[in-house]
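Student: Before going to the bench, could we go through this model together, one question at a time? I would like each answer to be reasoned out before it is given.

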Amino acid sequence: MSTLDWVTRVPASVEDVARFHAAPRIIRRLTPFVIPMTIHRMDRLAEGSISEFTLWFGILPVRWTARHVDVDPQTGFTDIQESGPFRAWVHRHRYEPDPRRGSRIVEHIDYQHDSGWSGLLTRTL
């Protein structure tokens with residue numbers, strides 16, 4: 001498994017950050033505008049909720065289904081890829097107070113590429 005970690009500081013309270021992430025279809029605002037997205041299903045953020053969408057890389061559609069677990073309205077959640085381009089994908093989002101600037105969003109992703117041609121796609125993108 002490979003990992004990716006990063007922290008984003010935002011000038012907002014943890015409560016505001018949590019409310020932002022719980023908003024319906026927020027994934028559209030969190031996805032870079034250069035990547036078109038089609039939403040097929042977007043449950044309200046809750047334990048076991050499902051998000052299904054397609055990301056478009058030029059003419060190449062990449063379908064993704066994620067399930068949300070460890071959902072705590074005040075501290076964060078985890079999304080797990082149930083189907084999609086990676087062999088495995090677990091993305092943890094945690095909200096923490098930051099006395100210097102409001103809040104920190106701490107993200108940790110564990111992921112694994114497929115082997116062969118299918119893994120080439122995720123390594124390239």
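**Contacts, cores, pocket and salt bridges**

Tutor: In this predicted model, Ile-109 touches Ser-2, Thr-3, Leu-4, Trp-6, Trp-89, Val-90 and His-91, leaving aside residues up to four places away in sequence.

Student: Which residues make up the largest nonpolar core?

Tutor: Strands β2 (37–42), β3 (50–57), β4 (60–72) and β7 (102–112) each supply at least two residues of the largest nonpolar core. Ile-109 belongs to this core, and so does Trp-89, one of the residues that Ile-109 touches. The ten members are Met-37, Ile-39, Phe-53, Leu-55, Trp-64, Ala-66, Phe-86, Trp-89, Ile-109 and Tyr-111.

Student: How many residues does the second, separate core have?

Tutor: Among the members of this second core are Val-10, Val-14, Val-17 and Tyr-95. Those four are part of a set whose full count is seven residues.

Student: Which helix gives the most to the lining of the largest pocket?

Tutor: The largest pocket holds about 1200 Å³ of space, and 46 residues line it, with Ile-27, Leu-30, Thr-31, Trp-89 and His-91 lying nearest its centre. By class, this lining has 32 nonpolar, eight polar and six charged residues. The element that gives the most to the lining, with five residues, spans residues 14–22 and is helix α1.

Student: What N to O distance is found in the salt bridge between Asp-16 and Arg-19?

Tutor: Both Asp-16 and Arg-19 lie in helix α1, where they are three residues apart, about one turn of the helix. Asp-16 is partly exposed at a relative accessible area of 37%, whereas Arg-19, at 55%, counts as exposed. Their side chains meet in a salt bridge, one of nine in the structure, with an N to O distance of 2.4 Å.

Student: How far apart are the closest N and O atoms of Glu-96 and Arg-104?

Tutor: Glu-96 has a relative accessible area of 27% and is therefore partly exposed. Arg-104 is likewise partly exposed, with a relative accessible area of 23%. These two residues form a salt bridge in which the closest N and O atoms are separated by 2.2 Å.

Student: Is Asp-98 buried or exposed?

Tutor: Asp-98 has its place in strand β6, which runs over residues 88–98, and, not counting residues up to four places away in sequence, Asp-98 touches Arg-9, Ser-103 and Arg-104. The cut-off for a buried residue is a relative accessible area under 20%. Because the relative accessibility of Asp-98 is 5%, Asp-98 counts as buried.

Student: Which residues are linked with Asp-98 in a network of salt bridges?

Tutor: The side chains of Asp-98 and Arg-100 meet in a salt bridge at 3.8 Å, N to O. Arg-100 counts as exposed at 65% relative accessibility, while Asp-98 is buried at 5%. The residues linked with Asp-98 in the network are Arg-9 and Arg-100.

Student: What is the value of phi at Asp-70?

Tutor: Most residues other than glycine have a negative phi. Asp-70, which has its place in strand β4, is a residue other than glycine with a positive value. Its phi is near 50°.

How values were computed: Residues numbered from 1 in each chain as written. Predicted model: local features only at pLDDT ≥ 70, side-chain atom pairs only at ≥ 80, totals over all residues. Heavy atoms only, no water. 1 Å grid on protein atoms, 1.4 Å probe; cavity = no way out; pocket = protein on both sides within 12 Å on 5 of 7 lines; lining within 4 Å. Points joined across faces, edges and corners; volume = space filled by probe spheres on them. Helix = DSSP H or I, 4+ residues; strand = E, 2+ residues; numbered from the N terminus. Nonpolar A, V, L, I, M, F, W, Y, C, P; charged D, E, K, R; others polar. Core = buried A, V, L, I, M, F, W, Y, C linked by side-chain atoms within 4.5 Å. Buried < 20%, exposed > 50% of the residue type's maximum accessible area, 1.4 Å probe, protein only. Contact = heavy atoms within 4.5 Å. Salt bridge = Lys/Arg side-chain N within 4 Å of Asp/Glu carboxyl O.
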